[in-house]
Amino acid sequence: MRTTLRGLAVACLMGLALPVLAEDGQQAQQLIDSLHFRSGQIEVGPAHAHFNLGTQFRYLDKADARKVLEQLWGNPQDDTVLGMVVPTHPGLDEQDSWAVVVTYDDEGYVSDADASKINYDELLKNMQEGTREANAEREKAGYGRVDLVGWAVPPRYDAGAKKLYWAKELAFNGQPSHTLNYDIRVLGRHGYLSLNAVSAMDELPKVQAGMQQLLPMTEFDTGARYADHNPSTDKVAAYGVAALIGGGLAAKTGLLAKLGLVLAKFGKLLFLGVVAAAAAVRKFFASRKAKASATVR
């Protein structure tokens, strides 16, 4: 999962700056006024996917999405962002605003054969252990501490729709105000579409309701759907559904998408080091393999 793990290592080590326009209301408003919001049927060409947005959402194409992420919210440059789904209300300039960053990974068809066998409690424990182990190195390097508190919304996989969603509660540097990281993965023939939202934990009801509304509005085009998979010709990813959850522990398109703005609300400037998501996933699968071997004996 190169865009998740390798990109995370580079982006997170750069740290998070406060939104560059947050303190200049006039410039921020000018930027927002320059954005071109679209509605209705939205084609996401590079992913061979589309949104059928209802009146509760609008869409920003790649250039405008990057304006929001990089100029308004102060995140590092990221060319992997394809666009952004923005709720009609609240607006981007409001305190309780949130948005969904859209990216696509074309590493191949992700088998969902393991979906019904995942022990999410065990996976969570391994993910938590991975973050704790990485904190010592982060703090030694001068970065802040991050802790995975638990599932804000337990993972759920819709086998019929080929859609996976979950949300995590994260704590940074022991701050009492926690962060929500809400993820959706839509599986397709050649990869998966990622929809990621980050906000304050107290906004969970609003974000969860919005993400559930967005879920059925997101589909792959005919020919690129999961059901169109050709096992004779198509590339197959080297991981399954469990790795999408474990490996997405701190995907840069999630934490970096809105975290700067969230932290600005709390009046804190925090920095992230690399979260050991890969290590957590390896431990999870290693333990499962060991158990399977023991059962065979």
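The exercises below work through a predicted model of one protein chain, each with its solution.

Residues are numbered from 1 along each chain as its sequence is written, and side-chain values use heavy atoms, with hydrogens and water left out. Because the model is predicted, local features need pLDDT of at least 70 and side-chain atom pairs count only at pLDDT 80 or more, while totals for chains, interfaces and linings use all residues.

**Exercise 1. Confidence**

Find the average pLDDT of the protein chain and the stretches where pLDDT stays under 50.

Solution. pLDDT is the predictor's confidence in each residue, from 0 to 100.
- The chain averages a pLDDT of 78, and 74% of the residues score at least 70.
- Over residues 1–20 pLDDT stays under 50, and the model has 66 contacts beyond four places in sequence for this stretch; a contact means heavy atoms within 4.5 Å.
- Residues 292–297 also stay under 50, with 0 contacts beyond four places in sequence.
- Where pLDDT is low, the predicted coordinates should not be read in detail.

**Exercise 2. The chain as a whole**

Describe the secondary structure, burial, contacts and surface of the protein chain.

Solution. Helices (H or I, at least four residues) and strands (E, at least two) are DSSP runs, numbered from the N terminus.
- The chain has 8 helices and 10 strands.
- Of its 297 residues, 56% are buried. Buried means under 20% relative accessible area, exposed over 50%, and partly exposed in between (1.4 Å probe, protein chains only).
- Among contacts with a separation of 6 or more, 68% are between residues 24 or more positions apart.
- The accessible surface comes to about 12800 Å², and 52% of this belongs to carbon and sulfur atoms. Areas come from the Shrake-Rupley method with a 1.4 Å probe; for residues, only the protein chains shown count as cover.

**Exercise 3. The open sheet**

Give the strand order of the 7-stranded open sheet, then identify its edges and the helix that packs on E3, E4 and E5.

Solution. Two strands pair if DSSP finds at least two bridges between them.
- The order is E3-E4-E5-E9-E8-E7-E6, with antiparallel pairing.
- Strand E3 (57–61) and strand E6 (146–158) are the edges; each has a single partner strand, so one side of each is left without a neighbour in the sheet.
- On average, neighbouring strands are turned by 20° against each other, direction ignored.
- Helix H3 (residues 62–72) packs on the sheet and touches E3, E4 and E5, its direction making about 95° with that of E3. Axes are lines fitted to C-alpha atoms, for helices over the stretch in contact, and angles run from 0 to 180 degrees between N-to-C directions.
- The buried residues of H3 are Asp64, Ala65, Arg66, Val68, Leu69, Glu70 and Leu72. Just after H3, Gly74 has a positive phi of about 75°.
- Within the sheet, strand E4 (residues 83–87) is joined to strand E5 (residues 100–105) by 3 bridges, and Val85 has Val100 as its bridge partner in E5.
- Pro90 sits in the loop between E4 and E5; the peptide bond joining His89 and Pro90 is cis, with omega about 0°.

**Exercise 4. The E6–E7 hairpin**

Work out how E6 and E7 are joined, and list what Lys162 touches.

Solution.
- E6 and E7 pair in the antiparallel sense over 9 bridges, and Val153 stands opposite Ala167 in E7.
- The two strands form a hairpin with 4 residues between them, and Lys162 in the turn has a positive phi of about 60°.
- Not counting residues up to four places away in sequence, Lys162 touches Asp112, Tyr157, Arg185, Val186, Leu187 and Tyr226.
- Lys162 and Tyr226 are 64 residues apart in sequence, yet 7.3 Å apart in space, C-alpha to C-alpha.
- Helix H4 (residues 120–140) lies across E6 and strand E7 (163–172), running at about 150° to E6.

**Exercise 5. Nonpolar cores**

Name the residues with the most contacts inside the largest nonpolar core.

Solution. A nonpolar core is a set of buried Ala, Val, Leu, Ile, Met, Phe, Trp, Tyr and Cys residues joined through side-chain atoms within 4.5 Å.
- The largest core has 34 residues, and those with the most contacts inside it are Phe51, Leu53, Val85, Tyr182, Leu193 and Leu214.
- Leaving aside neighbours within four places in sequence, Phe51 has contacts that include Val85, Leu193 and Leu214.
- Another core, of 26 residues, lies apart from it and includes Val110, Ile118, Val146 and Leu244.
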